[in-house]
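User: Hey, got a minute to walk me through this one? I'd like to get a feel for the fold before I head back to the bench.

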Amino acid sequence: MRSYVANTLFALAVAIITWALWSLGESRVDAYVAVYTLAYTVIKSLLEPRRAPLDIPWLILLAMFTVAVTYRIAEVLGWV
């Protein structure tokens, strides 16, 4: 039952985060991915403290976050 609540809260959080960042004029994908990753991690850790050994959505979000941060650092350093 907790997984349904966690998934519902995450879907609601994604909708609110998307609306809030869009309202602020944010257009960078890495900002969205970073906030989605943070929301997913917080919601899942609060509602499902015993995480499955292999949490595929979290791994995907973490990989996207890592790529976005790496790209942003390379952009700041002038490598891109």
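**Getting oriented**

Analyst: Sure. Of the 80 residues in the protein chain, 24% count as buried. Keep in mind that this is a predicted model.

User: Which elements does the chain have, and how many of them?

Analyst: The protein chain has three helices and zero strands. Reading from the N terminus, the elements go α-α-α.

User: And what does the C-alpha trace span along its principal axes?

Analyst: About 50 × 30 × 15 Å for the protein chain.

User: What share of the contacts join residues at least 24 apart?

Analyst: Taking contacts between residues at least 6 apart in sequence, 56% of them join residues at least 24 apart.

User: OK, on to the packing. At what angle do helix 1 and helix 2 pack?

Analyst: Helix 1 covers residues 2-23, and it packs against helix 2 at an angle of about 155°, with the axes 10 Å apart. That angle is over 145 degrees, so helix 1 is roughly antiparallel to helix 2. The crossing there is right-handed.

User: Which residues meet there?

Analyst: From helix 1, the list includes V5, N7, F10, I17 and W22, and from helix 2 it includes Y32, Y36, Y40, K44 and L47. By type, the residues of this contact divide into 17 nonpolar, two polar and two charged.

User: You mentioned K44. Is that lysine buried or exposed?

Analyst: K44 sits in helix 2 and has 9% relative accessibility, so it counts as buried, the cut-off being under 20%.

User: What does the K44 side chain make a polar contact with?

Analyst: The side chain of N7, at 3.1 Å. N7 is one of the helix 1 residues that meet helix 2.

User: Now the other pair. How do helix 2 and helix 3 pack?

Analyst: Helix 2 (residues 29-47) and helix 3 (residues 56-77) pack at an angle of about 145°, and their axes are 9 Å apart. Their crossing is left-handed.

User: Which residues meet in that one?

Analyst: Helix 2 brings D30, V33, A34, Y36, T37, Y40 and T41, while helix 3 brings P57, W58, L61, M64, F65, A68 and R72. The residues of this contact divide into ten nonpolar, two polar and two charged.

User: A68 caught my eye. Buried or exposed?

Analyst: A68, in helix 3, counts as buried because its relative accessibility is 14%, and buried means under 20%. A68 and A31 are 37 residues apart in sequence, yet 8.6 Å apart in space, C-alpha to C-alpha.

User: What about A20, how accessible is that one?

Analyst: A20 is in helix 1. Its relative accessible area is 27%, so it counts as partly exposed. Between A20 and Y32 the C-alpha to C-alpha gap is 10 Å in space, and the two are twelve residues apart in sequence.

User: Last one: where does D55 lie?

Analyst: D55 lies in the loop between helix 2 and helix 3. With 15% relative accessibility, D55 counts as buried, because that is under 20%.

User: And what does the D55 side chain join up with?

Analyst: The side chain of Y40, through a polar contact of 3.0 Å. Y40 turns up in the contact of helix 2 with helix 3, and also among the helix 2 residues that meet helix 1.

Note on methods:
Residues are numbered from 1 along each chain as its sequence is written. This is a predicted model: local features need pLDDT of at least 70, side-chain atom pairs count only at pLDDT 80 or more; totals for chains, interfaces and linings use all residues. Side-chain values use heavy atoms; hydrogens and water are left out. Axes are lines fitted to C-alpha atoms, for helices over the stretch in contact, and angles run from 0 to 180 degrees between N-to-C directions. Helices (H or I, at least four residues) and strands (E, at least two) are DSSP runs, numbered from the N terminus. A crossing is left-handed if the near helix is turned anticlockwise from the far one by less than a right angle, and right-handed if clockwise. Contact means heavy atoms within 4.5 Å. Ala, Val, Leu, Ile, Met, Phe, Trp, Tyr, Cys and Pro count as nonpolar, Asp, Glu, Lys and Arg as charged, and the others, Gly among them, as polar. Buried means under 20% relative accessible area, exposed over 50%, partly exposed in between (1.4 Å probe, protein chains only). A polar contact is a pair of N or O atoms within 3.5 Å; within protein, one must be able to donate a hydrogen and the other to accept it, and residues adjacent in sequence count only if both atoms are side-chain atoms. Angles under 35 degrees count as roughly parallel, over 145 as roughly antiparallel, 65 to 115 as roughly perpendicular and the rest as oblique.
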